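Got the model open in your viewer? Let's walk through it one selection at a time.

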Amino acid sequence: MNMLTLKEKRQHGRVDFPVEVYNSKWFVPYQWHNEEEIIFMIDGSAYFNINGKTILLNSGDCAYCRGKELHSMMLEPGQAVNFYALLFDLSYVFGAGDACGKYLSGVRIKDFFSPGVVKEREAIEIVKNICSLMLQRGEGHEIHVKAQLMQLFSTFLKNDMYSENEIKAPRYDKNITAIINHIHANFSQKLTVAQLAGMAGYSKSYFEYLFKLYTGKTTVEYIILFRLQMAENALTETDKSVLDISIACGFPNVSYFIRTFKRYYFDTPNRYRQARSYNHASATHHTSPKRH
């Protein structure tokens, strides 16, 4: 199975400081990356999927996704969320030959932790501190962030927020993953469930069952969301017209594109572009970078 096209292409952080935090209000497509990722839900609630396991994240909750694990976060039309995504290279925290790294061997950090559990609340506060340090990026923030990451893993171990000998091979279906690759590569083309199910070699009903299991959305919903993400990128990164973007992203007509965009982004494409252009022009170094 070729998972390469599902790998997120963006480099997170710097070569000498592979840590980054993103403030996002949008969905996360089915993907993977080398870095560990911690999601902290600031406001709202959404389902976060890790290797086919779905977790409901409410305000204040965290999810932990290991490096190279397939994951996604899907939203409904009109669903508003606001979350931090903290990504870091584990080898940066525990380098080769580091005596501390042995304590993580054969250990899986909990996928989910909540402020309602006293022992887990301590870890969440550290995650929030790291995000704050990354957003402020004050003098010497790299040292403080690395120290806090070490403290975070110490808290995981101290508070038994892990399981032993449960590191399993990623849960995925190679045919479904191949279809998601195909969608990502051909999102501008006409795509039907029957066509995609046939390519996977499954009946339409079984294909839909598996697809939703791994992505959290039906095939049609996922295609729409991915097309919208590509359209949003084009709106903020190019000067193409709304009509050209709608055609390039596979929408049947511009009216449908505008209606659908507004259902998810709470604004028309033109107004969204104008607002983002203004915000970008007035942004300071305290603003977290755009991820999706």
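**First stop: two crossing helices**

Select helix α5 (residues 193–200) and helix α6 (residues 204–215): they pack at an angle of about 90°, with their axes 9 Å apart. Axes here are lines fitted to C-alpha atoms, for helices over the stretch in contact, and angles run from 0 to 180 degrees between N-to-C directions. With 65 to 115 degrees counting as roughly perpendicular, α5 and α6 are therefore roughly perpendicular to each other. Show side chains next: Val-193, Leu-196, Ala-197 and Ala-200 of α5 meet Lys-204, Phe-207 and Glu-208 of α6, where contact means heavy atoms within 4.5 Å. Helices (H or I, at least four residues) and strands (E, at least two) are DSSP runs, numbered from the N terminus.

Before moving on, some housekeeping. This is a predicted model, in which local features need pLDDT of at least 70 and side-chain atom pairs count only at pLDDT 80 or more, while totals for chains, interfaces and linings use all residues. Residues are numbered from 1 along each chain as its sequence is written, and side-chain values use heavy atoms, leaving out hydrogens and water.

**The cores**

Which residues have the most contacts inside the largest nonpolar core? Pick Met-73, Phe-207 and Leu-228, in a core of 56 residues. Helix α7 (residues 219–237) gives the largest share of this core, nine residues. A nonpolar core is a set of buried Ala, Val, Leu, Ile, Met, Phe, Trp, Tyr and Cys residues joined through side-chain atoms within 4.5 Å. Buried means under 20% relative accessible area, exposed over 50%, and partly exposed in between (1.4 Å probe, protein chains only).

Zoom in on Met-73: leaving aside residues up to four places away in sequence, Met-73 touches Phe-27, Val-28, Ile-39, Met-41, Ala-46, Tyr-47, Phe-48, Leu-57 and Phe-83. Apart from the largest core lies another, of 31 residues, including Val-21, Tyr-64, Val-107 and Val-145.

**The sheet and its helix**

Now colour the open sheet of five strands, whose order is β1-β8-β3-β6-β10, with antiparallel pairing. Two strands pair if DSSP finds at least two bridges between them. At the edges, β1 (19–24) and β10 (112–113) each pair on one side only. Inside the sheet, β3 (residues 36–43) and β6 (residues 62–65) share four bridges in the antiparallel sense; click Glu-37 and you'll find its bridge partner, Cys-65, in β6. Then add helix α2 (residues 118–136), which lies across β1, β3, β6, β8 (82–88) and β10, running at about 95° to β1.

**A hairpin**

Select β4 (residues 46–50) and β5 (residues 53–57), antiparallel strands joined by five bridges. Phe-48 stands opposite Ile-55 in β5. The two strands form a hairpin with two residues between them, and Asn-51 in the turn has a positive phi of about 50°.

**Odd backbone spots**

Most residues other than glycine have a negative phi. Go to Asp-160, not a glycine, yet with a positive phi of about 55°. Asp-160 sits in the loop between α3 (141–158) and β11 (162–164) and is partly exposed at 48%. Phe-266 also has a positive phi, of about 60°, and its place is the loop between α9 (254–265) and α10 (269–282).

**Last stop: cysteines**

How many disulfides does the structure hold? Zero, a disulfide being a pair of cysteine sulfur atoms within 2.5 Å. Cys-131 is buried at 1% relative accessibility, and its sulfur is 7.9 Å from the closest cysteine sulfur, in Cys-62, too far for a bond. Finish on Cys-100, which is partly exposed at 33%.

Note on methods: Parallel < 35°, antiparallel > 145°, perpendicular 65-115°, else oblique.
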